[in-house]
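Me: Hi, I've just opened this one and don't know my way around yet. Could you walk me through it, taking the inner spaces early on?

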Amino acid sequence: FGHAIEIGMGKNMSPPDIVRLGLAAFLNYLGITQIMDVVTKEEVLKGEDLQKIREIPSRTVEILKRIPRLDQILMRVAVESRERVDGSGPLGIKGIENLDPLARIIAVVDVFEALIHDRPHRKRLMPYEAVKKIIADRGKFEEDVLRLLIDRIGIYPVGSWIRLTTKQIATVVECNPGQPFRPKVKVMYNEEGCQLERTRLLDLGK
């Protein structure tokens, strides 16, 4: 849920709303706990197993309904996070004004997270490939959230490995807001691929 919080901070949300956003993102896939035998399968899912995957949102909602005195915003986010601004979601809710702000953030983050992780039917995408794919469907998401996805999370998220123009290899340690292609990195290997005795920090934004 760290990506969701990053976007929330980019939107200058209040601390209570940031906490609520993080909790909503954490609870969003609670329904997975009921079908762990399915989600851990390595083969391509079909038939009944595929249907169980599609039922994760409704399973999540049913679990949340059993929690006493639950913040109803969390319930609303669980229902709306699969909706799309253009009305193409399962419930057909259309328009930014009709979707909860937290749900609009989690909708984008969920897709991004899914794309950068392996699935039985496909290999994971590199972060820049995932961003490109999401932007191709930008009519489905809030434009401001998409901008913050690129600005705050970056084309190269923290932990990514990159090869610099010097041929040295570095790992991303921090994104530079406003400069998604120029993060802060730690140079780990020289141009021949040998590990450096002393790593060095490099701010590509400078």
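Me: Okay, start inside: what classes of residue line the largest cavity?

Reply: Before anything else, please keep in mind that this is a predicted model. The lining of the largest cavity is made up of five nonpolar and six charged residues, with no polar ones. Among the residues that line this cavity are Glu80, Glu83, Arg84, Lys140 and Glu142, together with Val85, Leu99 and Phe141.

Me: And which helix gives the most to that lining?

Reply: That is helix H7, which covers residues 101-115 and supplies three residues to the lining of the largest cavity. As for volume, the largest cavity comes to about 60 Å³.

Me: How many cavities of 30 Å³ or more are there?

Reply: The count comes to two. The second largest cavity holds about 30 Å³ of space, and its lining consists of Ala24, Leu27, Asn28, Leu64, Leu74, Val77 and Ala78.

Me: What's the class make-up of that second lining, and where do its residues come from?

Reply: By class, the lining of the second largest cavity has six nonpolar residues, one polar residue and no charged residues. Helix H2 (15-27) and helix H6 (72-80) each contribute at least two residues to it, and the largest share, three residues, belongs to H6.

Me: Switching from cavities to pockets, how much space lies in the largest pocket?

Reply: The largest pocket contains about 1400 Å³ of space. Its lining counts 40 residues, of which Tyr29, Ile53, Asp110, Ala114 and Arg119 are the closest to the centre of the pocket. The elements that each give two or more residues to this lining are H1, H2, helix H4 (47-54), H5, H7 and H8.

Me: Which of those gives the most, and what's the mix of classes?

Reply: H7 gives the most to the lining of the largest pocket, with eight residues. Sorted by class, the pocket lining has 22 nonpolar, seven polar and eleven charged residues.

Me: Let me step back for a second. What does the whole protein look like in terms of helices and strands?

Reply: The protein has nine helices and four strands, and along the sequence they follow the pattern α-α-α-α-α-α-α-α-α-β-β-β-β. Taken along the principal axes, the C-alpha atoms fill a box of roughly 55 × 40 × 35 Å. Of the 206 residues of the protein, 39% count as buried.

Me: What about the largest nonpolar core, which residues have the most contacts inside it?

Reply: That core has 35 residues, and Ile7, Leu21, Ile105, Phe112, Ile134 and Leu149 are the ones with the most contacts inside it. The elements that give two or more residues to the core are helix H1 (2-10), H2, helix H5 (56-65), H6, H7, helix H8 (127-136) and helix H9 (143-153). Of these, H7 gives the most, with nine residues.

Me: So how are the strands arranged?

Reply: They form an open sheet of four strands in the order E1-E2-E3-E4, with antiparallel pairing. Strand E1 (161-163) and strand E4 (195-203) are the edge strands, each pairing on one side only. With direction ignored, neighbouring strands of this sheet are turned by 30 degrees against each other on average.

Me: How do E3 and E4 line up with each other?

Reply: Strand E3, which runs over residues 184-189, pairs with E4 in the antiparallel sense over five bridges. Lysine 186 stands opposite leucine 201 in E4, while tyrosine 189 has glutamine 195 of E4 as its bridge partner. The hairpin of E3 and E4 has five residues between the strands, and glycine 193 in this hairpin takes a positive phi near 85 degrees.

Me: Which residues other than glycine have a positive phi?

Reply: Arginine 69 is one of them, with phi near 55 degrees, and lysine 167 is another, with a positive phi of about 80 degrees. Arginine 69 sits in the loop between H5 and H6, whereas lysine 167 is found in the loop between E1 and strand E2 (169-174).

Me: Last one: is arginine 69 buried or exposed, and why do you call it that?

Reply: Arginine 69 is called exposed because its relative accessible area is 82%, and the cut-off for exposed is over 50%.

Notes. Residues are numbered from 1 along each chain as its sequence is written. This is a predicted model: local features need pLDDT of at least 70, side-chain atom pairs count only at pLDDT 80 or more; totals for chains, interfaces and linings use all residues. Side-chain values use heavy atoms; hydrogens and water are left out. On a 1 Å grid over the protein atoms alone, a cavity is a set of points where a 1.4 Å probe fits but cannot get out, and a pocket is an open set with protein on both sides within 12 Å along at least five of seven lines; lining residues have an atom within 4 Å of a point. Grid points are joined across faces, edges and corners, and a volume is the space filled by probe spheres set on the points. Ala, Val, Leu, Ile, Met, Phe, Trp, Tyr, Cys and Pro count as nonpolar, Asp, Glu, Lys and Arg as charged, and the others, Gly among them, as polar. Two strands pair if DSSP finds at least two bridges between them. Axes are lines fitted to C-alpha atoms, for helices over the stretch in contact, and angles run from 0 to 180 degrees between N-to-C directions. A nonpolar core is a set of buried Ala, Val, Leu, Ile, Met, Phe, Trp, Tyr and Cys residues joined through side-chain atoms within 4.5 Å. Buried means under 20% relative accessible area, exposed over 50%, partly exposed in between (1.4 Å probe, protein chains only).
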